[in-house]
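Please open the model in a viewer and keep the sequence panel at hand. The tour below proceeds by selection, one stop after another.

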Amino acid sequence: MIAALMMLGTSAAFAGDSEPLKAVLAAKDFAQASQLLKQNLGQMANAAEKAKAYDHVTKLALKTFDAQNAIEAANVQAKLLKQKVTPYDTLAYYQAAYDATVNAVECAKYDAEPNEKGKVKPKYTDGLATTVGNARLQLVTAGNYYAQRNDQDNILKYWGTFLDTDSNPMFAKTHDSEKQYLGQVAYYTALYANQAKQYDRAEKYADIAMQDTAMRKQAETFKYAMAQMNLKTHADSLAFANKMKATYDADPTNETVFGLLCNMYSGMGMDTELNAVLDKAIATNPNNFTAWAMKGQNLVNKESKKQNPNYDECINDFKKAIAIKADNSVVLTYLGFALNAKASAINGNVAAQKQLYTESMGYLEKAKEVDPNRQQSNWAYPLYQCYYTLYGANDSRTKELEGMLKK
């Protein structure tokens with residue numbers, strides 16, 4: 001009995017490939033092998049067989065990739081020698097790079113599963129890592145090709161796959177060579193994913209882009225703008241504001257999050273929370289431009305709704321902001337608006353009014369100089385008020401702005 005059991009164990013240990021696996025291994029064409037793998041995967045004996053099948057399919061994809069790559073290399077030489085070039089299938093080359101990458105990832109997944117003894121002994125991953133790693137980098141080139149044609153689906157297919165596999169240990173050796181363009185690829189893929197309404201992917205790719213110092217602010221601004229656009233209810237807005245508060249508390253130097261948090265509180269009428277954040281920011285850093293600007297903006301919006309407004313405090317806040325950053329057209333315009341509003345509320349003191357309009361004009365002309373096309377702020381109307389009051393309706397400066405406002 002013992003001998004029989006030993007023989008049974010031996011035969012199981014050295015059992016040959018299952019029929020479903022043999023069918024895949026017998027295929028010499030990638031398309032056929034890939035189709036058979038999909039059909040037979042669930043019938044294979046274990047993870048080891050699945051890894052072996054994916055290794056075979058990956059190598060068939062690499063065969064196509066290498067063949068096209070060899071043609072391209074030969075063509076480069078032929079052009080140098082002014083010889084005839086061989087037709088080159090760019091799309092097949094890109095597709096083969098994609099096929100090799102996704103199948104190699106599946107191979108590595110099953111290759112990393114414990115065997116019947118509970119031990120992990122990868123058999124194929126190391127062998128594929130270098131060759132597939134090089135093919136995977138061509139997904140970036142493929143994405144560029146389709147980006148030039150504004151082909152959203154293929155951009156997400158190639159750039160998305162490149163990014164989705166970036167954290168896979170199998171491709172760790174290529175990370176250094178990716179650093180120069182990873183952030184840009186991630187940022188633009190996030191834009192396309194958002195355009196396709198694939199918001200989870202867009203956020204994921206924005207997070208990758210934010211790891212690149214050069215792309216961080218741009219990607220962060222996009223990520224939070226996208227999140228804001230998808231807020232549907234007050235509860236959504238409150239939850240997002242709380243998330244931004246937690247992010248800001250963790251990094252009080254993040255001006256993007258700070259400004260967004262203030263805008264959220266302001267938009268939801270949460271004045272107590274807004275003032276607490278602003279006061280804390282100013283106490284921490286008296287030269288916080290954004291905090292002074294937001295404080296002034298919040299006050300001017302509140303005062304403009306009152307029967308007897310008092311613009312002195314917001315004017316003071318805006319002046320503190322421009323003392324820190326003098327070339328911000330938005331704050332310069334807000335300051336001009338507040339000075340004009342204060343002037344218009346004065347009755348019976350023309351000299352005091354003109355003094356305020358003159359002061360306002362200086363700030364608004366600076367805003368015009370900084371932002372001549374009014375891309376950030378609409379300084380034209382408050383500056384028109386200044387010119388009209390100080391120089392009259394027929395002055396050339398007044399007429400120029402009047403024509404601008406009518407366009």
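A residue is called buried when its relative accessible area is under 20%, and exposed when that area is over 50%. The model shown here is a predicted one, and these two cut-offs will serve at several stops.

**First stop: S360**

Select S360, which belongs to helix α17, residues 350-370. Is S360 buried or exposed? Its relative accessibility is 0%, and therefore S360 counts as buried. Now display the side chain of N340 as well: the side chains of S360 and N340 are joined by a polar contact of 2.8 Å. To complete the surroundings, add G336, L339 and C386, which, together with N340, are in contact with S360 when neighbours within four places in sequence are set aside.

**Second stop: F162 and the largest nonpolar core**

Move next to helix α7, residues 152-164, and select F162 within it. F162 is buried because its relative accessibility is 0%. Which residues does F162 touch, not counting those up to four places away in sequence? They are R136, L137, L139, V140, E178, Y181, L182 and V185.

F162 also leads to a wider selection. The largest nonpolar core comprises 64 residues, and L37, F162 and L163 are those with the most contacts inside it. Colour helix α5, residues 90-111, to see the element that gives the most to this core, with ten residues. Then select L163, whose contacts, leaving aside neighbours within four places in sequence, are L182, V185, A186, T189, Y205 and I208. Another core lies apart from the largest one; it has 53 residues, including F240, Y248, M268 and Y311.

**Third stop: the second largest pocket**

Turn now to the second largest pocket, with a volume of about 470 Å³. Its lining consists of 19 residues, and selecting F289, T290, A293, M294 and N328 shows those closest to its centre. Three elements give two or more residues to the lining: α12 (255-267), α14 (289-303) and α16 (329-344). Which element gives the most to the lining of this pocket? It is α14, with five residues. By character, the lining divides into seven nonpolar, eight polar and four charged residues.

**Fourth stop: three loop residues**

Select N150, in the loop between α6 (125-147) and α7. N150 counts as exposed because its relative accessibility is 54%. Its backbone merits a check: most residues other than glycine have a negative phi. N150, although not a glycine, has a positive phi of about 50°.

Continue to K197, in the loop between α8 (175-195) and α9 (199-210). K197 is likewise not a glycine, and its phi is positive at about 65°. With a relative accessible area of 63%, K197 is therefore exposed.

Finally, select Q375, in the loop between α17 and α18 (380-391). The relative accessibility of Q375 is 64%, so this residue counts as exposed.

**Last stop: two distances**

With Q375 still selected, add P20 and draw a line between the C-alpha atoms: these residues are 355 residues apart in sequence and 64 Å apart in space. Then return to F162 and draw a second line to S396. How far apart are the C-alpha atoms of F162 and S396? The separation is 59 Å, for two residues that lie 234 residues apart along the chain.

Terms used:
Residues are numbered from 1 along each chain as its sequence is written. This is a predicted model: local features need pLDDT of at least 70, side-chain atom pairs count only at pLDDT 80 or more; totals for chains, interfaces and linings use all residues. Side-chain values use heavy atoms; hydrogens and water are left out. Helices (H or I, at least four residues) and strands (E, at least two) are DSSP runs, numbered from the N terminus. Buried means under 20% relative accessible area, exposed over 50%, partly exposed in between (1.4 Å probe, protein chains only). A polar contact is a pair of N or O atoms within 3.5 Å; within protein, one must be able to donate a hydrogen and the other to accept it, and residues adjacent in sequence count only if both atoms are side-chain atoms. Contact means heavy atoms within 4.5 Å. A nonpolar core is a set of buried Ala, Val, Leu, Ile, Met, Phe, Trp, Tyr and Cys residues joined through side-chain atoms within 4.5 Å. On a 1 Å grid over the protein atoms alone, a cavity is a set of points where a 1.4 Å probe fits but cannot get out, and a pocket is an open set with protein on both sides within 12 Å along at least five of seven lines; lining residues have an atom within 4 Å of a point. Grid points are joined across faces, edges and corners, and a volume is the space filled by probe spheres set on the points. Ala, Val, Leu, Ile, Met, Phe, Trp, Tyr, Cys and Pro count as nonpolar, Asp, Glu, Lys and Arg as charged, and the others, Gly among them, as polar.
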